[in-house]
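Biologist: Please take a close look at one part of this model for me. I would like a single connected account, with the confidence caveats included.

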Amino acid sequence: MNQKTLRRRLQPAVSTLPRMVPRHGSIYVHQMRVGPGPILLIAGLAVALACSLMACEPRQLGVQHGSIGAVQTIQNIGSDTLVNLALAWAEAYMQLHPEVRISVTGGGSGTGIAAMINGTVDIANASRDMKPEEISAARANGITPVEFVVARDAIAIIVHSTNPVSELTVRQISDIFTGKITNWRQVGGEIRPIVLLSRESNSGTYVYFLENVIRLGDSKSRLLFSPDTLLMPSSEGIGTEVRQNPNAIGYDGLGYVSGEEKVVAVAQDTNRPYVLPSVATVNDGSYPISRPLYMYTAGEPGGHIRAYLNWVLHDGQASVLLLGFVPLQ
Amino acid sequence: MSHTGKTTASRPHWTEFFVESLIRVLGFSTIGFVLLIFVFLLREGLPIFFEVAPGNLFGALWYPTFNLYGTLPLILGSALVTVMAIAIALPLGVATAVFVREVAPHWTRELLKPMIEVLAGIPSVVLGFFGMILVAPIVREFLGVPTGLTAFSGALLLAYMALPTIISVAEDALDAVPKSYRDAGLAMGATQWQTIWRIVVPAARSGIVTAVMLGMGRAIGETMAVMMVTGNAGRMPLSLDSLFRPVRTMTATIAAEMGEVARDSTHYHALFGIGVILFILTFLINLAAATSIFKKRRKGGLR
């Protein structure tokens with residue numbers, strides 16, 4: 001949190017002193033000796049120090065050096081599902097537009113939306129839509145959130161590579177995660193206990209999975225994850241445990257599934273075909289567990305933020321596929 | 001002190017006065033900060049005790065997204081992991097301290113002591129990663145449990161983290177036992193083992209108790225490693241096999257959920273409420289450690 005606020009404070013300083021920002025503190029001090037007086041030196045040192053604390057990338061600063069007057073910045077925080085995609089977009093966009101600096105941070109959809117409500121971020125990434133409470137909290141702060149669907153994601157059900165179970169219906173998955181089914185034998189597998197893995201409750205994936213899979217999309221349902229569910233702090237934690245443990249079952253965004261886990265084919269119900277998640281099956285709607293991914297801005301975006309979002313929605317869609325997500329059609 | 005008084009009387013030593021008051025202010029500010037933190041914790045955490053019915057608050061279900069704030073599984077989870085960690089670390093720590101202080105030759109001792117200090121410097125996230133990748137699969141395969149992310153794996157890592165504290169404090173306690181005790185023991189015809197076990201360790205007992213208490217304080221407050229290896233399942237650890245099942249601790253809950261909550265929501269207050277409980281527990285443990293030193297001193301015994 002400190003780092004985020006610090007970085008925000010730093011940015012105006014950088015933009016007003018673009019030519020003074022050095023590649024390294026030492027070179028900078030050298031320049032200053034021939035340059036202006038001691039006050040500027042102190043200010044500059046503060047910037048250089050803040051810069052080194054922040055691990056500013058010298059490459060980007062080098063591009064700005066002497067060529068452009070003002071740096072435009074975009075703060076982009078939120079969903080861990082989206083973070084890799086958002087980073088790829090940011091990098092590609094900064095290559096095309098060196099005058100724009102985009103910093104991307106993860107932390108969860110809730111974290112991003114909370115930051116947007118508090119006005120500390122330009123774009124919030126979310127893997128779920130905003131809750132009514134969040135929208136009213138934003139209104140209370142005088143902010144009208146604007147929603148952009150930027151890509152689609154499918155949630156893959158993953159098990160250990162040696163697990164013989166390869167097909168499950170949504171209802172079976174629901175029964176497994178509520179603790180009704182506790183042994184793999186009950187769904188046609190080996191005699192092994194089932195170990196349930198989930199993301200932490202601050203993850204948009206958690207909420208989506210609960211509402212659409214465990215509760216089968218029924219808003220009156222009061223079903224919950226079994227208390228035996230292991231809540232993992234990261235996608236990587238789920239991947240690691242599924243790769244190691246033949247008892248485990250987990251869920252995660254398709255973008256985070258590596259080749260080492262086994263992906264289970266899912267059917268909406270027993271009358272429909274079992275479908276593996278892929279770009280094609282998500283786009284034609286046959287894979288039952290997929291969702292849109294969002295970016296939110298505080299009010300209608302203007303200027304460089306609008307330009308960036310436009311790029312994301314059009315040219316940026318090319319990178320979506322490369323990261324295992326599903327582009328908009 | 002009297003010397004300072006004299007110089008101040010004869011000549012106003014303003015630098016001395018300045019330094020003295022600076023040190024005094026700094027000293028008192030430590031107490032002030034602890035008090036302020038506690039007041040802040042209470043301010044943010046107390047509302048939960050009014051917002052949520054006690055039956056819910058001390059119930060068995062922790063689903064904050066659905067207004068179920070049962071803290072009992074978290075409190076019991078922390079207790080289970082901590083007690084188990086100390087049960088592992090106590091014999092190892094005391095044995096190491098005895099070896100370093102009483103048995104090891106001088107050069108070994110000089111080599112071991114800094115290495116034990118290094119143990120304390122390993123970041124907990126590194127240990128957590130190590131636990132997740134290496135310890136958890138070993139626990140699962142050797143014990144045949146459904147998953148290796150268990151209270152036991154957490155206790156192993158915590159024991160490892162509490163060890164440096166326990167070893168250094170216990171070693172200091174052994175160090176404070178006068179040489180005459182050992183000489184007397186040996187002169188009476190006791191073997192070295194008998195001297196250590198019957199005389200030196202009992203004489204250092206209160207220091208060893210302090211060591212354990214401090215280790216426990218370290219263990220109960222540890223977050224990152226615990227969050228990575230205990231599995232964080234909010235189940236009640238009441239069955240006999242609970243040690244080998246996942247648990248959710250208070251610290252991991254705060255760390256995992258604090259980033260998400262809206263300020264001043266019930267969930268936010270609930271997390272601070274857990275913070276209050278944790279603070280009080282740690283305080284009681286440290287108090288117990290302090291009294292055990294104090295009691296012994298009053299009796300005129302050894303530290």
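**Chain B, its helix packing and its contact with chain A**

In chain B, 75% of the contacts with a separation of 6 or more link residues 24 or more positions apart.

Biologist: How do H6(B) and H8(B) cross, and which residues meet there?

Modeller: A caution first: this is a predicted model. Chain B has 14 helices and two strands. Its C-alpha trace spans about 65 × 60 × 35 Å along the principal axes. Of its 303 residues, 39% are buried.

Now the crossing. Helix H6(B) covers residues 106-120 and helix H8(B) covers residues 151-175. Their axes come within 7 Å and cross at roughly 145°. The crossing is left-handed. From H6(B), the residues in contact are Ile116(B), Glu117(B), Leu119(B) and Ala120(B). They meet Leu163(B), Pro164(B), Ile167(B) and Ser168(B) of H8(B). By class, this contact has six nonpolar residues, one polar and one charged.

H8(B) also matters for the largest nonpolar core, which holds 133 residues. Ala124(A), Leu158(B), Ala162(B) and Ala170(B) touch the most other members. H8(B) gives this core its largest share, 17 residues. Take Ala170(B). Neighbours within four places in sequence aside, Ala170(B) contacts Gly93(B), Val94(B), Ala97(B), Gly207(B), Ile208(B) and Ala211(B). A second core is separate and has 13 residues, among them Ile48(B), Trp62(B), Met250(B) and Ala270(B).

Met250(B) leads to helix H13(B), residues 250-257. This helix is largely enclosed by the rest of the structure, because six of its eight residues are buried. Besides Met250(B), the buried residues are Thr251(B), Ala252(B), Thr253(B), Ala256(B) and Glu257(B).

Phe40(B) makes a contrasting case. Phe40(B) sits in helix H2(B), residues 14-45. Phe40(B) counts as exposed because it has 12 C-beta neighbours inside 10 Å, and the cut-off for exposed is 12 or fewer. Phe40(B) and Val276(B) lie 236 residues apart in sequence, yet their C-alpha atoms are 9.7 Å apart.

Next, the partner chain. In the interface, 25 residues of chain A contact 25 residues of chain B. On the chain A side, helix H6(A) (109-117), strand E7(A) (230-232) and helix H10(A) (235-244) each supply at least two residues. H10(A) gives the largest share, four residues. The chain A side has 10 nonpolar, 12 polar and three charged residues.

H10(A) is itself mostly covered, with seven of its 10 residues buried. Those are Ser235(A), Gly237(A), Ile238(A), Gly239(A), Thr240(A), Glu241(A) and Val242(A). The cover comes from both chains: it includes strands E4(A), E6(A), E7(A) and E8(A), together with helix H7(B), residues 124-143.

Last, confidence in chain A. Its mean pLDDT is 79, and 79% of its residues score at least 70. Among its elements, helix H8(A) (residues 170-178) has the highest mean, 95, and helix H2(A) (residues 25-34) the lowest, 34. Over residues 1-68 of chain A the pLDDT is below 50. That stretch still has 48 contacts in the model beyond near neighbours in sequence. Where pLDDT is low, predicted coordinates should not be read in detail.

Technical notes: Residues numbered from 1 in each chain as written. Chains lettered and ligands numbered in written order. Predicted model: local features only at pLDDT ≥ 70, side-chain atom pairs only at ≥ 80, totals over all residues. Buried ≥ 20, exposed ≤ 12 C-beta atoms within 10 Å, placed from the backbone. Contact = placed C-beta atoms within 7 Å. Nonpolar A, V, L, I, M, F, W, Y, C, P; charged D, E, K, R; others polar. Axes fitted to C-alpha atoms, helices over the stretch in contact; angles between N-to-C directions. Left-handed = near helix turned anticlockwise from the far one by under 90°. pLDDT = per-residue confidence, 0-100. Core = buried A, V, L, I, M, F, W, Y, C linked by C-beta atoms within 7 Å.
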